[in-house]
Amino acid sequence: MLPTRPEATGLGPAEPSHWLSDMLALTIDLDALRANFRQLRQWCGPTVKIMAVVKADAYGHGLVPVARTLEKAGADYFGVAYLHEGLRLRQAGVNAPILLLMGVLPGEAAAAVQAELEVALFRPDIATALAAQARQQGRKARVHVKVDTGMGRLGLLPAEVLPFLEFLAGLPELELAGLISHLATADWLDQTYTQQQVEEFDALRRQVRDRGWPAPASHIANSGAILALPHTHLDMVRAGIALYGSPPSEEAPPPVPLRPVMSLRSQILQIKDLPAGSSISYGRTFIAAQPIRLAALPVGYCNGYSRLLSNRGQVLIHGQRAPIRGRVCMNLTMVEVTHLPEVSAGDQVTLLGADGGDRLTAEELAAWAETISYEVYCLLGNSNYRRYKGE
Ligand SMILES: *Cc1c(COP(=O)(O)O)cnc(C)c1O
C-alpha cells in the first residue's frame with residue numbers, strides 16, 4: 001500500500017507529524033468506494049443522476065481523492081456544505097457540477113459564480129447577490145431552491161416557494177437548476193412521515209409545472225430513500241453514507257451489498273500482567289477482579305476514538321475480540337488480552353475493519369459510543385492521516 005501524497009489528500013505538509021505515525025494507520029479503500037458507487041448506479045438505473053455527497057471531507061474519507069475516484073466512476077454531481085470545499089474540488093480539477101448544499105453567504109457569491117458552483121437557495125438577499133455577481137461576470141448562476149417539506153431544518157416552507165420563484169423570475173441571471181428537499185426519517189421502516197414529505201414535494205413540483213415554468217431537476221432522496229424507496233429517486237439522488245459502505249437504516253439491511261471503505265489499525269505498544277485488584281487508567285473506573293493481562297494501544301480520543309468507548313468498546317487482535325478496560329485517554333487505550341496468551345507487543349490491532357473472520361463496523365462502534373456511523377467516520381477520518389489503497 002502506498003502512503004498517499006499530501007497533495008492528493010488535501011492535507012498539506014504542515015500537518016502534525018503524529019498523524020503520520022506507524023502507531024496508527026487509517027486506510028481508505030478506493031476499490032470499495034468504486035464498488036459501492038457501481039452498486040448504487042445499478043440500483044438507480046442509468047437515467048437517474050447520482051450526486052455524491054462529499055461534505056465533511058467526504059465523511060472523513062478525504063474530499064479530493066474521493067471526488068476524483070467517483071468522478072472517474074461516473075458520478076454526475078457533487079454535494080458539499082461550504083464554499084471552500086467546492087473551490088478545493090475545482091482546484092483539484094473536478095469538472096462535474098457541484099452543489100453547495102448550505103448555499104453561500106452574500107459575500108461569497110462572487111467566488112461561487114466564478115467557480116461555477118451551484119447554490120442551494122432559500123434567501124432573497126443571497127439571490128440578489130448571486131444575480132449581481134453573475135451580471136458582472138457575464139455568466140449565469142445556477143441555483144436549486146431549497147424546500148423544507150418537513151425536515152424542520154434549512155429551506156423555504158412550501159407555501160413560500162411559488163412567490164420566491166416569481167421573485168427569481170425577475171433575476172434573469174439566475175438559472176433555476178433544481179428543486180431540493182430533504183427527508184427526516186428515510187431510514188425508518190415506517191414510511192408514513194417520509195410519504196407525507198414526498199407528497200408535499202410532488203404537489204409543489206406540480207404547481208411549478210402548472211405555472212408553465214421549465215421543470216427544474218427535483219431531488220429529495222438520501223441514502224436511506226435511495227435504497228428503500230425507489231419512487232423517491234426522481235431526477236437525481238444524493239448519496240452519502242451508502243457510498244462509504246454503511247447501511248443507512250438500522251431497521252432494514254440494504255438491498256445491495258455495500259463494502260466499508262474506512263479501516264483503522266494500530267499495534268500493541270506494551271503488554272503487562274497485573275494482579276487482582278489493580279485499577280486501570282484515569283479515575284480507576286475498572287478494577288480487575290482476577291489477575292489480568294493488558295495491552296496498551298497508542299490510540300485515544302485525540303484520534304477521534306471516542307472517550308465514550310471507555311469500558312464498552314472492543315478491538316480485534318488475531319481475529320479475536322479484546323474489550324476496552326478503563327477510560328480511553330488522549331493517546332492511549334487499554335484492552336484486556338487475558339484470554340489471548342499468544343499476543344505480544346507489536347502485534348496488529350484492528351479498531352475498525354476486518355481481522356480474521358470478524359469485523360468491527362462503524363455501526364458497532366457507534367452503538368458503543370452512543371452515536372451514528374456518520375459521526376464515527378467524521379471523527380476518525382478527520383483526526384488521522386489517511387492512507388489510500390486502490391488509487
Ligand atoms: C448529508 C446530506 C445528504 C446525504 O445523506 P446520507 O444519509 O449520507 O445519504 C443528502 N442530502 C443533504 C441535503 C445532505 O445534507
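## Strand S7 and its partner S6

In strand S7, Leu176 is the bridge partner of Val143, and this pair belongs to a predicted model. Val143 and Leu176 sit within a parallel pairing in which seven bridges join strand S6, residues 141-147, to S7. The connection between these two strands passes through helix H8, residues 158-169, and S6, H8 and S7 together form a right-handed β-α-β unit.

Is strand S7 largely enclosed or not, and why? Of the eight residues of S7, which spans residues 174-181, six are buried, that is, under 20% relative accessible area, so the strand is largely enclosed by the rest of the structure.

## From S7 to S8

Strand S7 is also joined to strand S8, residues 217-221, by three bridges, and these two strands run parallel. Here Ile180 stands opposite His219 of S8. Helix H9, residues 192-210, lies in the path between them, and S7, H9 and S8 make up a right-handed β-α-β unit.

## The closed barrel

The pairings described above belong to a barrel of eight strands, which closes in the order S2-S3-S4-S5-S6-S7-S8-S9 with parallel pairing. Within this sheet, neighbouring strands are turned against each other by 30 degrees on average, direction ignored.

Strand S2, residues 49-53, and strand S9, residues 236-239, are joined by four bridges and run parallel; in S9, Arg238 is the bridge partner of Met51. Helix H7, residues 124-137, packs on the sheet and touches S5 (118-121), S6 and S7, with its direction making about 155 degrees with that of S5.

Definitions and conventions:
Residues are numbered from 1 along each chain as its sequence is written. This is a predicted model: local features need pLDDT of at least 70, side-chain atom pairs count only at pLDDT 80 or more; totals for chains, interfaces and linings use all residues. Side-chain values use heavy atoms; hydrogens and water are left out. Buried means under 20% relative accessible area, exposed over 50%, partly exposed in between (1.4 Å probe, protein chains only). Two strands pair if DSSP finds at least two bridges between them. A crossover is right-handed if, with the strands pointing away from the viewer, the path from the first strand over the helix to the second runs clockwise. Axes are lines fitted to C-alpha atoms, for helices over the stretch in contact, and angles run from 0 to 180 degrees between N-to-C directions. Contact means heavy atoms within 4.5 Å.
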